[in-house]
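Good morning, colleagues. Please look at the chain on the screen while I describe its overall form and then one helix in detail.

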Amino acid sequence: MSTDARYMALALSLGRRGQGNTWPNPAVGCVVVRDGRIVGRGWTQPGGRPHAEVVALAEAGALARGATAYVTLEPCAHTGKTPPCASALIDAGIARVVAAIEDSDPRVSGKGFAMLRDAGITVVTGVLAAEAAQDLAGFFQRVETGRPFVTLKLANSFDGRIATATGESQWITSPEARRYVHALRANHDAVMVGAGTARADDPSLTVRDLGVTRQPVRVVLSRRLDVPLMSKLARTAREVPVWICHGPELDPLLRRSWQELGAELISCPLSQGQIDPAAALWALGERGLTRVFCEGGGALAAALLAHDLVDELIGFTAGVAIGAEGLPGIGAMGLERLAEAPRYRLVETRAIGGDVLHRWRRGTG
């Protein structure tokens, strides 16, 4: 691995620390190196500010002059709530900037690099670009398509069931797998479930025992807004955000009750009698979300897959068989031909506790 790639790999690992905490901004990492020594490290802070470059430059101080900055995304060139990071690098006296990938946001795209070059700074791009593209996929997707990156998680028995015929599901997978799911929640902006899961499981959908500073938004798709008002989600809506995507027609009393509890209500159009999943995701993107972690249930999973809205699949398979009378992990999708089924490529598989984790992403290659 080249020197540039080695330092960029470190910057990428720093950037991942911000995943789930920085929306609507990207989770960027930055390393400042002078004379072969790391003098500054930074990643985008919770809420999206300060940016990674500013944090790293503050740590480097005067040692930034003449140094190289490794940044996982093109430094911003526009003034928002903070000055441009490209200007901060110029003012700090950075001599060389190595960036993984160009920002696709039209306010920045190419402009940050141009500012640096105009100031006499050497700019190198494309170092570990594929890795950066994956880490920043949620940000890019929201900018380019309007919707967040969607990860669908399923925890199944060996024969693909999520519960017995009576609905019993606690616990199919091991404590180690369930703890890993909390880590997955932590690096997403939001956790999303369907109304059936919210009613049946009464989940809290929070990250526990990991010391997170910012909980993910809890999102529920509920056409009639019929999640119980005494549920865990309702009782904690003022502590951790609850957003409910609902249909156009609501009981006024339910609407008022949820608003008084502190929930944000998002009206969405219907598709085949249910909330249009694409419209719901675009609404979440409009509100700044870049990465959404969907935990089911079966009807919502099927709708997302059928509408080609799932970017990543994460499955946990347990060594237990429930049988055909058990509840399937994915509901009916209306497929008649195998060629119509969405395909994903396997990118990871490993054992967690007594279960198997398998991760799949879009594409067949």
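I shall begin with the whole chain and then turn to helix α4.

Please bear in mind that this is a predicted model. The chain contains 12 helices and 18 strands. Its radius of gyration is 22 Å, close to the 21 Å that the globule rule gives for 365 residues, so the chain is as compact as a globular protein of that length. The C-alpha trace spans about 65 × 45 × 40 Å along its principal axes.

How much of the chain is buried? Of the 365 residues, 50% are buried. Among contacts with a separation of 6 or more, 72% are between residues 24 or more positions apart.

As for the surface, the accessible area of the chain is about 16500 Å², and carbon and sulfur atoms contribute 52% of that. The chain carries 40 positive and 37 negative charges, and the mean positions of the two sets lie 3 Å apart.

I now come to helix α4, which covers residues 111-118. Which of its residues are buried? They are G112, F113 and L116. Viewed down the axis of α4, these buried residues fall within an arc of 100°, so they line one face of the helix. What does that face pack against? The buried residues of α4 pack against helix α3, residues 85-91, and against two strands, β4 at 96-99 and β5 at 122-125. Just after α4, G120 adopts a positive phi of about 90°.

That concludes my presentation; thank you for your attention.

Terms used: Residues are numbered from 1 along each chain as its sequence is written. This is a predicted model: local features need pLDDT of at least 70, side-chain atom pairs count only at pLDDT 80 or more; totals for chains, interfaces and linings use all residues. Side-chain values use heavy atoms; hydrogens and water are left out. Helices (H or I, at least four residues) and strands (E, at least two) are DSSP runs, numbered from the N terminus. The radius of gyration is taken over C-alpha atoms; the globule rule is 2.2 Å times the number of residues to the power 0.38. Buried means under 20% relative accessible area, exposed over 50%, partly exposed in between (1.4 Å probe, protein chains only). Contact means heavy atoms within 4.5 Å. Accessible areas come from the Shrake-Rupley method with a 1.4 Å probe; for residues, only the protein chains shown count as cover. Lys and Arg count as positive and Asp and Glu as negative; His and the chain ends are not counted. The place of a charge is taken as NZ of Lys, CZ of Arg, CG of Asp or CD of Glu. The arc is that of the directions from the helix axis to the C-beta atoms.
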